[in-house]
Amino acid sequence: MVKKKRIRLIAEMARKVRAYRELKARPRDSQRYALDYDTMKRPFTGKTLPVLAWEDVRKESRLFSLLAGMRLFGVGRIFTRKSWVEDHPEPSYWQITKVKVDYTAENMDHGKAWGVLTSKGRTEAEPREVDKAVYHDWRLVPRHEEQRFRDFTPAPEGPVRYVAYPPLLRAVLLAQRRGALGRGAAGGGAPEPLLPLRRDVLLSKDYFRKQEQERRGGQGTPV
């Protein structure tokens with residue numbers, strides 16, 4: 001007979017109170033990313049921004065600095081970045097779909113934003129959280145240029161090229177293959193392991209968070 005788990009109401013309530021206090025004590029983004037423009041230091045951490053970023057900090061804007069002064073906080077508008085404009089000719093931009101503003105910030109210029117990313121003319125299927133929103137290189141795409149960004153058709157991708165793995169990594173892969181096939185398998189007719197030169201995933205926070213969730217889910221519940 002399985003013993004019924006006893007519910008400790010006071011202990012559960014105390015756990016929730018501790019979690020709530022930790023959440024309230026956690027510094028907000030407006031505190032973490034506050035910047036002294038005279039010394040180029042963040043007061044919360046005391047760290048100085050890289051010297052190469054000083055010019056952009058003085059001339060360019062953060063994403064929420066632009067959203068804070070717009071109607072509906074810029075939902076539906078298109079934003080790009082200076083680094084994207086300078087690095088490649090294909091249009092890359094975010095179309096904002098949702099904004100969660102930190103109303104405790106002094107100018108309401110902090111928070112979280114979600115949108116659909118178009119990278120080098122290829123649009124993702126699902127919206128996700130906008131990353132690097134605190135960088136000082138965001139630009140608003142004027143309305144008369146939005147259609148030009150949307151009408152861009154990317155060139156078809158060529159075939160994926162492959163190269164041989166480094167010797168040590170190749171030996172590890174071959175040893176794993178022999179272990180999977182069995183100790184007695186010769187493996188002489190197995191294809192040579194090759195490394196593709198194209199990456200099919202975007203290494204973002206959502207990607208690593210999903211990988212971590214899958215890794216924890218595969219471990220199962222400890223007994």
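**A guided tour of the predicted chain**

With the whole protein chain in view, begin at its surface, where about 17,300 Å² is exposed and carbon and sulfur atoms supply 55% of that area. Keep in mind throughout that this is a predicted model. Colouring by secondary structure should bring out eight helices and eight strands, and of the 223 residues in the protein chain, 23% are buried. Among the contacts with a separation of 6 or more, 56% join residues 24 or more positions apart.

Next, select Arg26, which sits in the loop between helix H1 (9-25) and helix H2 (29-32). Arg26 counts as exposed because its relative accessibility is 54%, and exposed means over 50%. Add Lys98, Lys100, Lys112, Lys132 and Lys205 to the selection, and you will have the positive surface patch that these residues form together with Arg26.

Now turn to His110, in the loop between strand S2 (93-101) and strand S3 (111-119). Is His110 buried or exposed? Its relative accessible area is 7%, and since buried means under 20%, His110 is buried. To see what surrounds His110, show Asp29, Ser30, Tyr33, Arg62, Phe64, Val101, Asp102 and Ala105, the residues in contact with it once neighbours within four places in sequence are left aside.

Finish with Leu195, which lies in strand S8 (residues 194-196) and counts as partly exposed at 32% relative accessibility. Selecting Val163 and Leu197 along with Leu195 shows a nonpolar patch on the surface, for which the three residues together give about 220 Å² of accessible area.

Note on methods
Residues numbered from 1 in each chain as written. Predicted model: local features only at pLDDT ≥ 70, side-chain atom pairs only at ≥ 80, totals over all residues. Heavy atoms only, no water. Patch = residues over 30% accessible without salt bridge, like charges linked within 9 Å, V, L, I, M, F, W, Y side chains within 5 Å. Areas by Shrake-Rupley, 256 points an atom, 1.4 Å probe, with all protein chains shown as cover. Salt bridge = Lys/Arg side-chain N within 4 Å of Asp/Glu carboxyl O. Helix = DSSP H or I, 4+ residues; strand = E, 2+ residues; numbered from the N terminus. Buried < 20%, exposed > 50% of the residue type's maximum accessible area, 1.4 Å probe, protein only. Contact = heavy atoms within 4.5 Å. Lys, Arg positive; Asp, Glu negative; His and termini not counted. Charge placed at Lys NZ, Arg CZ, Asp CG, Glu CD.
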